[in-house]
Amino acid sequence: QVQLVQSGGGSVQSGGSLRLSCAVSGYTYSSYCMAWFRQAPGREREQVATIDSDGNIDYASSVKGRFTISQDNAKNTLYLQMNSLKSEDSAMYYCAAEVSGTPIGAYYVPCQGYMYWGQGSQVTVSS
């Protein structure tokens with residue numbers, strides 16, 4: 001069973017930085033997509049960034065150039081470095097994992113459906 005345990009987050013002033021971590025355990029699949037989502041009160045959940053097992057990375061336009069998704073395979077940990085934070089970045093942030101026993105290609109298109117979720121980390125940016 002894959003488990004995701006988040007850490008990091010907190011409160012920061014506008015323009016500041018925070019880093020979120022997501023420790024992954026119980027993972028034995030060769031192909032995957034890892035993602036960060038966020039959801040603010042009264043708003044729909046937004047996919048912030050993704051990284052797959054081929055190393056492909058994608059960002060929402062709202063965070064491109066400010067946020068960086070990365071992973072440390074030796075530590076089985078996913079990160080989201082958030083710089084130049086704005087008040088509109090305030091939200092609950094979640095890491096998510098999609099796993100597959102099939103290599104990325106015609107039979108596995110990554111980042112389409114996430115089976116596992118972290119517990120959430122609150123990020124509050126004050127102006």
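**Stop 1: the largest pocket**

Start at the largest pocket of this predicted model, which holds about 200 Å³ of space. To bring it up, select V24, S25, G26, Y27, Y32, M34, Q71, D72, N73, N76, T77 and L78, the residues that line it. Now colour by secondary structure. Four strands each give two or more residues to this lining: β3 (18-25), β4 (31-39), β7 (67-72) and β8 (77-82). If you switch to colouring by residue class, the lining divides into 5 nonpolar, 6 polar and 1 charged.

**Stop 2: the second largest pocket**

Next, select R38, R43, E46, S62 and E88. These residues lie nearest the centre of the second largest pocket, and they belong to a lining of 13 residues. The volume here is about 150 Å³. Which class of residue will you see in this lining, and how many of each? Charged residues number 8, alongside 3 polar and 2 nonpolar ones.

**Stop 3: the disulfide between C22 and C95**

Time to leave the pockets and show the cysteine side chains. A disulfide is a covalent bond between the sulfur atoms of two cysteines. Searching the whole structure turns up 2 disulfides.

Select C22 and C95 for one of them; the S to S distance is 2.1 Å. C22 sits in strand β3 and C95 in strand β9 (residues 91-100), so this bond ties together parts that are 73 residues apart in sequence. Look along the S-S bond of C22 and C95: the torsion is about 65°, so the disulfide is right-handed. You may want to hide the surface at this point, as both C22 and C95 are buried.

**Stop 4: the disulfide between C33 and C111**

Now move to C33 and C111, whose sulfur atoms are 2.0 Å apart in a disulfide. Where in the fold do the two partners lie? C33 is in strand β4, while C111 is in the loop between β9 and β10 (116-117), so the pair links parts that are 78 residues apart in sequence. The torsion about the S-S bond of C33 and C111 is about 100°, so this disulfide is right-handed. Are these cysteines buried or exposed? C33 is buried, and C111 is buried as well.

**Last stop: the cysteine pattern**

To finish, keep the bonded cysteines selected and follow the chain. Counting the bonded cysteines along it, the disulfides of the protein chain have the pattern 1-3, 2-4. For a closing view, show strand β3 again: C22 lies in this strand, and β3 is also among the elements that give two or more residues to the lining of the largest pocket. Strand β4 holds C33 and is likewise listed for that lining.

Terms used. Residues are numbered from 1 along each chain as its sequence is written. This is a predicted model: local features need pLDDT of at least 70, side-chain atom pairs count only at pLDDT 80 or more; totals for chains, interfaces and linings use all residues. Side-chain values use heavy atoms; hydrogens and water are left out. On a 1 Å grid over the protein atoms alone, a cavity is a set of points where a 1.4 Å probe fits but cannot get out, and a pocket is an open set with protein on both sides within 12 Å along at least five of seven lines; lining residues have an atom within 4 Å of a point. Grid points are joined across faces, edges and corners, and a volume is the space filled by probe spheres set on the points. Ala, Val, Leu, Ile, Met, Phe, Trp, Tyr, Cys and Pro count as nonpolar, Asp, Glu, Lys and Arg as charged, and the others, Gly among them, as polar. A disulfide is a pair of cysteine sulfur atoms within 2.5 Å. Buried means under 20% relative accessible area, exposed over 50%, partly exposed in between (1.4 Å probe, protein chains only).
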